[in-house]
Protein chains: 2
Amino acid sequence: MKLKYAVLLTMILAAQVNAAEWRALPEVAPAPDDNPTTEAKVELGKMLYMDPRFSSTGTVSCNSCHNVMEGGDDSRSVSMGVHGKTGGRNAPTVWNSAFHSVQFWDGRAALLEDQAKGPVANPVEMGMEDVETAMDRVRKIPGYKPYFDKAFGEDSMTVENAAKAVAAFERTLITPNSAFDLYVKGDKQALSEQQVRGLNKFESNGCSSCHSGAAFNGPQTKLGEGFYAKFPTFGDGAYVTKYQLAEDKGRESVTGDKADANMFRVSTLRNITDTSPYFHNGSVNDLGEAVRVMAKTQLNKDLSDADADDIVAFLGALTGPYPEITMPRLPATAGTSIIAE
Amino acid sequence: MKLKYAVLLTMILAAQVNAAEWRALPEVAPAPDDNPTTEAKVELGKMLYMDPRFSSTGTVSCNSCHNVMEGGDDSRSVSMGVHGKTGGRNAPTVWNSAFHSVQFWDGRAALLEDQAKGPVANPVEMGMEDVETAMDRVRKIPGYKPYFDKAFGEDSMTVENAAKAVAAFERTLITPNSAFDLYVKGDKQALSEQQVRGLNKFESNGCSSCHSGAAFNGPQTKLGEGFYAKFPTFGDGAYVTKYQLAEDKGRESVTGDKADANMFRVSTLRNITDTSPYFHNGSVNDLGEAVRVMAKTQLNKDLSDADADDIVAFLGALTGPYPEITMPRLPATAGTSIIAE
């Protein structure tokens, strides 16, 4: 009897060790000490996030390229900002961006608070002269004041607080309780047989060596401490040429260090079925192809179509459910317009 | 005693006659016989309305220019479509467009169903080759099929049905129960003293000769039977030059009839505090100025600033409340993108 319990205990421990490698997404996103998430910040942040009036033309909001009605991005290879201008990189999803190890493909912002300020003054994104000019527009809309007051106290209409509010809203844009999460929590019916096969192939082929952790974007580190990988690692193959994967030098453009050439933040795989096209340059339209490209360029493996299909099926288990979002009412400018262009 | 009752009756009748001139907005918008509003159509229509993937660049949805988080328009003088292209006219508000006598400034569409198809294939708006090409994109998104099935039955993914769904959604975008409506329904505290003064000046100056009815856009006619006015009527003044009001020939561009020169559909004044800038060319930014311009160009009257202020205060009583809208979840394309440009 004693021996039986010991065997059982060993089995349980083994199962726990195995389960511990696959982690469910937390139900609450971590926040930095100086910006705890509050309801008032989230409410204000949602308004600012959805408001296109802080772009030069009044046509581009955060949500334009990171659309929370879709996969948190824009279905485009590279995003389109004011005046139809395009940038060089694919818009990363805002869903679970709270769990990104750093922000932007090249990690040039540590936290969501820093990231939020970037696109506003980018000439091919929101196209404002600078963030203070954008903030002047916010200050010109009387209806925003009470929301800042509530979130941050009196006289708080600053760029820093606007960024904090947007970041707080973004930290609510998370998708725990996907089929994968339910599976990890014990519901073994949550994944199909093919998805379980895909999960095992994802691991046995080595995908999880980079795409580990609850968000499938690397080991859990301190917020803002980036987890990078070289992409492509195997740089001389046909895929690299076909999809021009090596042209963007990635993190080297931030640090100026040759050692950072082609280094990119490891992306989350959560909701990846909803974020086509793929990669930093949005060059691959199909998820199965993206899986084959990654296997070849990162692991030097030629995946069979069957293996790629299984892995794609598994990745589908990382999608949603998405929380319901009520549209904010953007305060009016009371009989005037603040758009200049 | 009998006489007293007669006097009282006369007073009541007089009051009713007066009240009948000011009409509250109906709580339900009228719909054409062949497209009764149903919950399933509204749900589908909301999705199509918010989905930018049916524009050539994937960046412009109906909501881009007719933003229901704002005043149902875009805060711009003239709208900006794909590739930063601009058109020649100001985006009319979608709020209460169900009560417009006809659609578009020049009435070139009778009903919302007809209107919905216009911007999709307009090269400076959504920029698709034609509406069928846009519909092909809808058909490529598997998640839309069940919504069409539910709203219109099997094999129903057609342009006609998509337009019907969008129109059905737009018929829910109405704003009864504004302060003015409450006032008309008997709550005499609903308007401030200044607003009541403004209401009387609005009438005594003759604004209500065109801006009559529940939506302040003319007498109630059969759906799609346009109510037009010449703007400017007094065409040789300084305002006309300053704001280039006579350059757009309006309905003449539709009918080719010189008699229609400068004829425009009379606009609703509902929510006008939220729809700056003003007029068909969006040339006037300030509502007070817009009121003065209208008085001069349409009634040949020079309004005092005090009178204009009172009328602006009254117009504020025609704004909102806006219904709460939940964001639709736009169906994913399951690991591919359908955006070509």
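Visitor: How many residues of chain A count as buried, as a percentage?
Guide: Of its 341 residues, 52% count as buried; a residue is buried if 20 or more other C-beta atoms, placed from the backbone, lie within 10 Å of its own, exposed if 12 or fewer, and partly exposed in between. This is a predicted model, in which local features need pLDDT of at least 70 and side-chain atom pairs count only at pLDDT 80 or more, while totals for chains, interfaces and linings use all residues. Residues are numbered from 1 along each chain as its sequence is written, and chains are lettered from A and ligands numbered from 1 in the order in which they are written.

Visitor: What radius of gyration does chain A have?
Guide: Chain A has 22 Å, which agrees with the value near 20 Å for a compact globule of 341 residues. The radius is taken over C-alpha atoms, and the globule rule is 2.2 Å times the number of residues to the power 0.38. Along the principal axes, the C-alpha atoms of chain A fill a box of roughly 75 × 55 × 35 Å.

Visitor: And which residues have the most contacts inside the largest nonpolar core?
Guide: They are Val166(A), Val291(A), Val166(B) and Val291(B), in a core of 164 residues. Such a core is a set of buried Ala, Val, Leu, Ile, Met, Phe, Trp, Tyr and Cys residues joined through C-beta atoms within 7 Å.

Visitor: What does Val166(B) touch?
Guide: Not counting residues up to four places away in sequence, Val166(B) touches Gly45(B), Leu48(B), Tyr49(B), Cys62(B) and Ala116(B). Contact requires C-beta atoms, placed from the backbone, within 7 Å.

Visitor: New topic: is Ala134(B) buried or exposed?
Guide: Ala134(B) is buried, because 23 other C-beta atoms lie within 10 Å. With residues up to four places away in sequence left out, Ala134(B) touches Phe54(B), Val120(B) and Met128(B).

Visitor: Now the two chains. How many residues of chain B are in contact with chain A?
Guide: 40 residues of chain B are in contact with 40 residues of chain A. The side of chain B that touches chain A has 16 nonpolar, 16 polar and eight charged residues. Here Ala, Val, Leu, Ile, Met, Phe, Trp, Tyr, Cys and Pro count as nonpolar, Asp, Glu, Lys and Arg as charged, and the others, Gly among them, as polar.

Visitor: What turn lays chain B on chain A?
Guide: A turn of 180° with a shift of 0.0 Å along the axis does so, at an RMSD of 0.0 Å. That is the relation of a two-fold axis. Superposition is by least squares on the C-alpha atoms of residues with pLDDT of at least 70 in both copies.

Definitions and conventions
Contact = placed C-beta atoms within 7 Å.
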